[in-house]
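Student: I should like to learn how the terms used for a protein model are justified. May we look at one together?

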Amino acid sequence: MHIGIDISRIAVAARTGTEQYSYELLAALAAIERHTPFTLYTNQLPASLPALGPNFSLRQMAFPRLWTHPVSYTHLDVYKRQAIKTST
């Protein structure tokens, strides 16, 4: 399984409630999961990220607000095709 997460909410200079919660959730996930591959999607590079393992990759996508829906589905389709190729 390959997991994609929209982290664009934490890519702000001053995190408030939702942004801080997302940051802490990502930090906790990174601390306990060292094998599952994760792709972190953002529309701008975050000012800071928690410590992430080598199973995390960052993908910057220059799209405006609400960019995640069409872009995420495109990338999910790519991963699905890769999984099919790998399993055959």
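Tutor: Rings of Phe, Tyr and Trp (its six-membered ring) pair if their centres lie within 6.5 Å; planes under 30 degrees apart count as stacked, over 60 as edge-to-face and the rest as tilted. By that rule, the structure holds one aromatic pair. It is a predicted model, in which local features need pLDDT of at least 70 and side-chain atom pairs count only at pLDDT 80 or more, while totals for chains, interfaces and linings use all residues. Residues are numbered from 1 along each chain as its sequence is written, and side-chain values use heavy atoms, with hydrogens and water left out.

Student: What makes Phe38 and Phe56 a stacked pair?

Tutor: Their centres are 4.5 Å apart and their planes enclose 5°. The limits are 6.5 Å for the centres and 30 degrees for stacking, and therefore both the pairing and the word "stacked" apply.

Student: Where in the chain do the two rings lie?

Tutor: Phe38 belongs to strand 2 and Phe56 to strand 3, 18 residues apart, so that the pair links distant parts of the chain. Strands (E, at least two residues) and helices (H or I, at least four) are DSSP runs, numbered from the N terminus. Phe38 and Phe56 are both buried, a word that means under 20% relative accessible area, with exposed over 50% and partly exposed in between (1.4 Å probe, protein chains only). Of the 88 residues of the protein, 27% count as buried.

Student: How many helices and strands are there?

Tutor: The protein has two helices and three strands, and from the N terminus on the elements run β-α-β-β-α.

Student: Why are strand 1 and strand 3 called edge strands?

Tutor: The three strands form an open parallel sheet in the order 1-2-3. Strand 1 (3-6) and strand 3 (56-60) each have a single partner strand, so one side of each is left without a neighbour in the sheet.

Student: How do you know that strand 2 and strand 3 are paired?

Tutor: Two strands pair if DSSP finds at least two bridges between them. Strand 2 (residues 38-42) and strand 3 have five bridges in the parallel sense, and therefore the condition is met. Within this pairing, Thr42 stands opposite Gln60 in strand 3.

Student: What makes the link between Glu19 and Arg9 a salt bridge?

Tutor: The term requires a side-chain nitrogen of Lys or Arg within 4 Å of a carboxyl oxygen of Asp or Glu. The closest N and O atoms of Glu19 and Arg9 are 2.9 Å apart, and therefore the pair qualifies. A search of the whole structure finds one salt bridge. Glu19 lies in helix 1 (residues 17-32) and Arg9 in the loop between strand 1 and helix 1.

Student: Why is Glu19 called buried, and why is Arg9 called partly exposed?

Tutor: Glu19 has a relative accessible area of 8%, so it falls under the 20% limit. Arg9 has 35%, so it falls between 20% and 50%.

Student: What makes Ser22 a contact of Arg9?

Tutor: Contact means heavy atoms within 4.5 Å. Leaving aside its neighbours within four places in sequence, Ser22 is in contact with Arg9 and Ile10. Ser22 is placed in helix 1 and has a relative accessible area of 25%, so it counts as partly exposed.

Student: How do you know that the charged end of Arg15 sits over the ring of Tyr23?

Tutor: The rule asks for NZ of Lys or CZ of Arg within 6 Å of the ring centre and within 35 degrees of the ring normal. The charged end of Arg15 is 3.8 Å from the centre of the Tyr23 ring, and therefore the distance condition is satisfied.
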